[in-house]
Amino acid sequence: MKRYGFLYEQIVSVDNCRLAIINASHKKKNRKMVKKVFDNLEYYANDLSERLIHMDFLSPYKTRIIKDGLSGKERELQVPAFYPDQCAHHAIMQILKPIIEKSSYHWSCANIPNRGIDLACKGVERATIRDRKHAKYCVKMDISKFYPSIPHGNLKARLREKIKDEKALQIIFKVIDSHSPGLPIGNYTSPWLAELYLQPLDYLIKQKHRIRHYVRYADDLVLIDNNKRKLRKALYDIFAFVESLGMRVKHDYQLFRIQRYCKEKKDRKGRKIDFVGRCFGIGFTTIRKRRALALMRQSRFIQKLQREKRPVSYRMASGFLSRCACFKHTDSYAMRKKYYETVNIKQLKEVVSNESKRKCLARIA
């Protein structure tokens, strides 16, 4: 395995720090602290470089509890200060990103830019629609409390396998040790380090077990093949490997036959793959039930407002239009006809357009 050196000089360079401040400020330029830093960009670029050299770039995290989407899961976010924390994180990752991306598995999604939900869906549909002959059985699992359960010692050992520059490693280790246990949800560095940590698992599944179709979305794993024995063997090997990484697989893992499309309900065998908000069967893709119910409720309410000629709020209009994007990628014709085509979409788009114009004019003023 190739190990990389001479990274420290690149991380602490003034040019890299200047670019890090610019990248960290993306979509935050109206904040007071960001404006203050931007007004004296050269001074703060030099100051950030000095802070990285002297290992003085961390401040206490602010903790925030959020509810995650429709699932309602509560997650604890650690929010770092913009300067110097976020800027330092960007300075580190601008140098590490190419190294992590180079060894990344193509169908590893969520932690790398331009590899989101759409790519994960394409990875599954590559099996369920394009390669139906080999899409018979599926293993679906995820890792329990992924970010908080990553052991610092194992992660540092993994970084040493890739990087031989000791000074660069000490800067990265300082970010890792800034929160315990595991990695903080909220740091720019966390998804990249998590991606690097799980890369050996991807190699195990694809190179040792030769699973025909494998997609990973952060810590959610989907393995598809026509050989049930091969999948079961891979399943037990994954248990052991994840334990060796210092984590554990959730108890609700599944190995099941994938449902084929049949008009008659009595002829349907197996189950659909519930993954990244959609349900995949052999030959078709539908919307996840929870998401579909939320969309139906919202559609009925908007239809009621439009019948009574009452205004629709910007938040509701933008949220509904965003949710309706799933119709483009799923086989939900009946639902689209009943809950999308019955809504005056043109009016909702006008609401969103007018609000966007108002915000733009307010910024200019």
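Let's start at a hairpin: strand E9 (residues 278-281) pairs with E10 in the antiparallel sense, over 4 bridges. Keep in mind that this is a predicted model. From the hairpin we can move on to a mixed sheet of 5 strands, and then to His179, a buried residue in a loop.

**The E9-E10 hairpin**
- Gly281 has Phe284 in E10 as its bridge partner.
- There are 2 residues between the strands of this hairpin, and Gly283 takes a positive phi near 100 degrees.
- In strand E10 (residues 284-287), Phe284 and Thr286 point one way while Thr285 and Ile287 point the other way, and all are buried.

**The open sheet and its helices**
- The strand order is E3-E5-E6-E4-E7, with mixed pairing in an open sheet.
- Strand E3 (108-109) and strand E7 (254-257) stand at the edges with a single partner strand each, so one side of each has no neighbour in the sheet.
- Strand E4 (residues 137-142) and E7 run antiparallel and are joined by 4 bridges; Val139 stands opposite Leu255 in E7.
- Helix H6 (residues 117-128) lies across E3, strand E5 (213-217) and strand E6 (220-225), and runs at about 160 degrees to E5.
- H9 also packs on the sheet, where it touches E3, E5 and E6, and its direction makes about 165 degrees with that of E5.

**His179 and its surroundings**
- You will find His179 in the loop between helix H8 (166-176) and helix H9 (189-208).
- His179 counts as buried because its relative accessibility is 16%, and buried means under 20%.
- A polar atom of the His179 side chain lies 3.4 Å from the backbone oxygen of Pro181.
- Beyond its neighbours within four places in sequence, His179 is in contact with Tyr61, Gln78, His152 and Pro184.

Conventions
Residues are numbered from 1 along each chain as its sequence is written. This is a predicted model: local features need pLDDT of at least 70, side-chain atom pairs count only at pLDDT 80 or more; totals for chains, interfaces and linings use all residues. Side-chain values use heavy atoms; hydrogens and water are left out. Buried means under 20% relative accessible area, exposed over 50%, partly exposed in between (1.4 Å probe, protein chains only). A polar contact is a pair of N or O atoms within 3.5 Å; within protein, one must be able to donate a hydrogen and the other to accept it, and residues adjacent in sequence count only if both atoms are side-chain atoms. Contact means heavy atoms within 4.5 Å. Two strands pair if DSSP finds at least two bridges between them. Axes are lines fitted to C-alpha atoms, for helices over the stretch in contact, and angles run from 0 to 180 degrees between N-to-C directions.
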